[in-house]
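Here are my notes on this model. Please read them with the structure open.

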Amino acid sequence: MEIYQHNFKTEKPQSIFTAALDDPMMDDILVEEIKKCGDKHDHKTNVKAYMTDWQMADKPGFDRLANKVIDIANHISQKYYNCKVALLVKDMWGMIYKKNDYAIVHDHWPALWSGVYYINAPKGSGDLYWPQLKKSMTPQKNTVVLFDGYLRHGVKPNRSDDERIAVSFNLHLDRKL
C-alpha cells in the first residue's frame with residue numbers, strides 16, 4: 001500500500017496523508033447508497049451540499065471503505081508514530097457537491113483522524129483547505145485524504161458543472177493495544 005505523507009512546517013509539525021484506492025465495485029455501491037439515502041440535512045450542517053445520514057459505516061460499500069480507511073490509519077500509526085492502536089469509524093457520511101456547493105471551515109474534534117474519500121472529483125470541484133496551515137489540496141478521484149481530527153478545514157465552492165461525490169469519516173481510538 002502506498003501512502004504519501006505531506007508535511008507542513010507550522011508551530012507544531014502537521015502531516016496530511018493521502019492514499020489511492022482502486023475498487024470500482026465499491027465506488028459504484030457507494031454512489032448508489034448515497035443517492036438512495038437522500039439529502040438528510042438540507043444544507044444545514046457545515047457541508048452546504050447534499051449529505052446523507054452521519055451513520056453510514058454499516059451500509060453496503062461504506063462498510064468496505066471503513067475497513068480500508070482503518071487499515072490505512074493503522075499503517076500510518078505504526079509507520080509514522082510507532083504506535084499500535086485499535087481504531088473505529090464513529091461517523092461516516094456521503095456527500096454530493098453540485099455547482100457552487102461548499103463546506104464552511106470546521107473541525108472534527110475529538111476525532112483522532114478525519115478524512116475524505118473522493119469517488120468523483122472533477123476539475124474545479126473545490127479544493128479541500130486548512131486555513132491554519134495555509135494549505136490546500138485539489139481533490140483527486142479515488143484518493144483518501146487523512147488528517148488530524150482537530151485541524152480546521154473547509155471546502156472551496158464547486159465551480160464545475162459536474163458533481164463531486166465523496167465520503168467523509170471520523171476515526172476514534174477504540175482502545176490501546
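1. Start with Leu146. Beyond its neighbours within four places in sequence, Leu146 contacts Ile16, Phe17, Ile72, Ala73 and Ile76. Trp113, Ser114, Gly115, Phe169 and Leu171 complete that set of contacts. Keep in mind that this is a predicted model.

2. Which residues touch the most other members of the largest nonpolar core? They are Leu65, Leu146 and Leu171, in a core of 34 residues. Two or more residues each come from strand E2 (14-20), helix H1 (24-37), H2, strand E5 (85-97), strand E7 (113-120), strand E10 (143-148) and strand E12 (164-176). H2 gives the largest share, eight residues.

3. There is also a second core, separate from that one. This core has 20 residues, among them Val47, Tyr97, Val116 and Phe147.

4. Look next at Ser77. This residue sits in helix H2, which spans residues 62-81. Is Ser77 buried or exposed? Its relative accessibility is 6%, and buried means under 20%, so Ser77 counts as buried. Setting aside residues up to four places away in sequence, Ser77 touches Asn82, Cys83, Val85 and Trp113. Trp113 is also one of the contacts of Leu146.

5. Tyr80 belongs to helix H2 too. Its relative accessible area is 26%. That value lies between the 20% and 50% cut-offs, so Tyr80 is partly exposed.

6. One distance to check is that from Tyr80 to Arg152. The two are 72 residues apart in sequence. From C-alpha to C-alpha, Tyr80 and Arg152 are 22 Å apart in space.

Definitions and conventions:
Residues numbered from 1 in each chain as written. Predicted model: local features only at pLDDT ≥ 70, side-chain atom pairs only at ≥ 80, totals over all residues. Heavy atoms only, no water. Helix = DSSP H or I, 4+ residues; strand = E, 2+ residues; numbered from the N terminus. Buried < 20%, exposed > 50% of the residue type's maximum accessible area, 1.4 Å probe, protein only. Contact = heavy atoms within 4.5 Å. Core = buried A, V, L, I, M, F, W, Y, C linked by side-chain atoms within 4.5 Å.
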